[in-house]
Amino acid sequence: MALVPYDGNYLPVLSKLHNSSAEFHFADHNVRLTQDWNKLGVAAVVWDAAVVMCMYLELGQVELTGKVAIELGAGTGLVGIVAALLGVKKVTITDCEPALGFLAANVKENIPPDQLGAVEVSELTWGQGLERYPTGGFDIVLGADIVYLEDTFPSLLQTMEHLSSESSVVLLACKIRYERDTNFLSMLKQRFTVHEVHYDKERDIHIYKAVKLPARRDL
């Protein structure tokens, strides 16, 4: 997520985002996340897309047990935390460097001590330093509300391609707000097969499943 601080003159409908914490119940655990809108802006609050993604993961439509996962633009870390609680073998929870301390604190607060070894908090700016992450090294790539800044689309797509193999599952939870959001889906479909697998009507959140297309092998 982009680190975009906002001033105090916010709409009342957004007031819950300014709470110092947010609480949820997923995977038979109470999850309490610190939020810090004033310092880190959109990166430090829980958005509906993350909640819907966690609800979808709980449905069991995607096999998590024993899988290696990575979350992009994790913000508060909710999705990665819930993936860990649901039994992934390892999850790497990533965001830009300024958010890492905040993110690590939420992980430590919510992951049982005997599971902390399966969770890594790591810096990842899309399109940069990808050599630090294994090519095609993740079974599951997760992203909640990360499709909104058009300038980041090429680097986000590059990152997703690098991290996933033809057997990986990419799950994106997003609200389709503008034409640029559908433009990203069009870009994604050039490199991945894409299907909408869930829609939360109340929150207007779509979840898309993407699988990398086979590499072209010119004769």
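1. Start with His-195, which sits opposite Lys-209 in β9. This is a predicted model, so read the pairings below in that light. The strands behind that contact of partners are β8 (residues 192-200) and β9, which run antiparallel and share eight bridges. Four residues lie between these two strands in their hairpin, and there Asp-204 has a positive phi near 55 degrees.

2. Lys-209 turns up again on the other side of the pairing list: Leu-171 also stands opposite Lys-209 in β9. Here the partners are β7 (residues 164-174) and β9 (residues 205-212), again antiparallel, with five bridges. If you're checking side-chain directions along these strands, remember that in a regular strand they alternate between the two faces of the sheet.

3. The N-terminal hairpin is worth a look too. Strands β1 (residues 21-26) and β2 (residues 29-34) pair antiparallel over six bridges, and Ala-22 is placed opposite Leu-33 in β2. Two residues separate the strands in this hairpin, where Ala-27 takes a positive phi near 55 degrees.

4. Which residues touch the most other members of the largest nonpolar core? They are Leu-78 and Leu-171, out of 42 residues in that core. Helix α2 (residues 48-58) supplies the largest share, with eight residues. There is also a second, separate core of 25 residues, and Leu-130, Leu-185, Leu-188 and Ala-210 are among them.

5. Leu-78 deserves its own point. Setting aside neighbours within four places in sequence, Leu-78 is in contact with Phe-24, Phe-26, Val-31 and Leu-33, and also with Val-46, Ala-50, Val-51 and Cys-54.

6. On aromatics, the structure has two aromatic pairs. One of them joins Phe-24 and Phe-26, and it is stacked, with 6.1 Å centre to centre and 25 degrees between the planes. Why does Phe-26 count as buried? Its relative accessibility is 5%, and the cut-off for buried is under 20%.

7. Last, helix α5 (residues 153-163). Eight of its eleven residues are buried, so the helix is largely enclosed by the rest of the structure. The buried ones are Phe-153, Ser-155, Leu-156, Leu-157, Thr-159, Met-160, His-162 and Leu-163. What covers the buried residues of α5? The cover includes β3 (68-72), β6 (138-144), β7, α6 (179-189) and β8. Two of those names, β7 and β8, came up earlier as well: β7 pairs with β9, and β8 pairs with β9.

Conventions: Residues numbered from 1 in each chain as written. Predicted model: local features only at pLDDT ≥ 70, side-chain atom pairs only at ≥ 80, totals over all residues. Heavy atoms only, no water. Pairing = 2+ DSSP bridges. Core = buried A, V, L, I, M, F, W, Y, C linked by side-chain atoms within 4.5 Å. Buried < 20%, exposed > 50% of the residue type's maximum accessible area, 1.4 Å probe, protein only. Contact = heavy atoms within 4.5 Å. Phe/Tyr/Trp six-rings, centres within 6.5 Å; stacked < 30°, edge-to-face > 60°.
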